[in-house]
Amino acid sequence: MNPAPGRWPEGQVDSAYSWLRLGVAVAVSIIGSVGLWSIVVALPAVQAEFGVPRAGASLPYTTTMLGLVLGSVLMGRLSDRAGIVVPVVLGAIALGLGYVAVAYSGSIWVFAIIHGVAIGMFGSAAMFGPLIADTSLWFERRRGLAIALVASGNYIAGTVWPPIIEHFIATEGWRQTHIAIGLICVATLLPLSLLLRRPPPPQRPIAVTSGNGGAGPALGLSPNVTQGLLVLAGLACCVAMSMPQVHIVAYCVDLGYGPARGAEMLSLMLGFGTVSRLASGWILDRIGGLPTLILGSLLQAVALALYLPFDGLASLYVISAVFGLVQGGIVPSYPFIVRELFPAREAGFRISLALSATLAGMALGGWMSGAIFDATGSYQVALLNGIGWNLVNISIAFWLLQRSWRRRLLGPAGAR
């Protein structure tokens, strides 16, 4: 039985336990998101080991992200039905087995398939969309901040993991480093999963929490059309986002700065991205999902454009920091928008679906930038390609926001 509006059981939504659980979720996200970043750092070593072109070396990243796309939806549905513990336990085991197995791969194709299935689909997939969706059920007044904190987990992972992985690849080799990562994941994630066993509290009806009654009344669109547009927007924004994040290490190698400088820039980028994501939580709680999405996307386009005229070492450090600082709030906007528009009982599936589109954008953009580099010998065209996709994202978000505004002002006929 749901509590009356404005009155919640003590120790439930927005409680001290909610914040404790949030801390555990962030820790799980940081450790489990290693699957998103290890291949970025290992890309030059893997390319040299298997003797493949840049697009071929980018293939494991693409298969990992595609695995995350499918796995996020599957794990999100599983989370809706069985709770978050089951996906997290499965993910921990898959990461452990996957990293050990990938260390023994004998070709780029075997490496890519293991990365995509074990590390992507069944591993890190459980530590992103489903974990964010579960956390959103434990907060109301600070939902934007809570979502942003968990979403920051993969950026904190991108800050912490790359320098560590780069160091051990340089000193111990990429194969031994991958075995160690697998063992760390099992040893840490399984105990942490036990702290997430409590089921989520009762949820307010969507009409009470958002005041709009759901996706249809809010935008004058069917739920599936609304979800489809959010999927397309997420795909487009992350095709743009992927170029610096996936290729900054390889770009620094091409410019003669070496992989260590590139790993430092990636860490710097994601460190400032964490700051941006935390700030976006504060912004989300005040202006809502779609305005925050538009703000982040506009700033991301500006930051991408800065890479075009500057390629000096100092300038790349500065631009990487700026890029991280302005774009980190984009991804947390999607879970917030879903919770504004759809019922809580669908949160795991719909949030994971929206976030899986961002992962698909990273996968497509990572491969696309490598292919453009192979065709042109530079990343300039890849940057322009990213800016173009970014404009698609801005257009969709602005159109949805315009419909919402018109409907509020003019009633049901306003969005026609």
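**View 1. Confidence along the predicted chain.** The mean pLDDT of the protein chain (the predictor's confidence in each residue, from 0 to 100) is 85, and 92% of its residues reach 70 or more. This is a predicted model: local features need pLDDT of at least 70, side-chain atom pairs count only at pLDDT 80 or more, and totals for chains, interfaces and linings use all residues. Residues are numbered from 1 along each chain as its sequence is written, and side-chain values use heavy atoms, leaving out hydrogens and water.

**View 2. Two segments with pLDDT under 50.** Residues 1–11 stay under 50 and have 17 contacts (heavy atoms within 4.5 Å) beyond four places in sequence. Residues 207–214 also stay under 50, with 13 such contacts. Where pLDDT is low, the predicted coordinates should not be read in detail.

**View 3. The cysteines.** The structure holds 0 disulfides (pairs of cysteine sulfur atoms within 2.5 Å). The sulfur of C238 lies 3.6 Å from the closest cysteine sulfur, in C237, too far for a bond. C238 is buried (under 20% relative accessible area, 1.4 Å probe, protein chains only), at 2%. C252 is buried too, at 0%.

**View 4. Lining of the second largest pocket.** Lining residues have an atom within 4 Å of a pocket point; a pocket is an open set of points on a 1 Å grid over the protein atoms alone, where a 1.4 Å probe fits, with protein on both sides within 12 Å along at least five of seven lines. The lining divides into 10 nonpolar, 4 polar and 7 charged residues.

How values were computed: Ala, Val, Leu, Ile, Met, Phe, Trp, Tyr, Cys and Pro count as nonpolar, Asp, Glu, Lys and Arg as charged, and the others, Gly among them, as polar. Buried means under 20% relative accessible area, exposed over 50%, partly exposed in between (1.4 Å probe, protein chains only).
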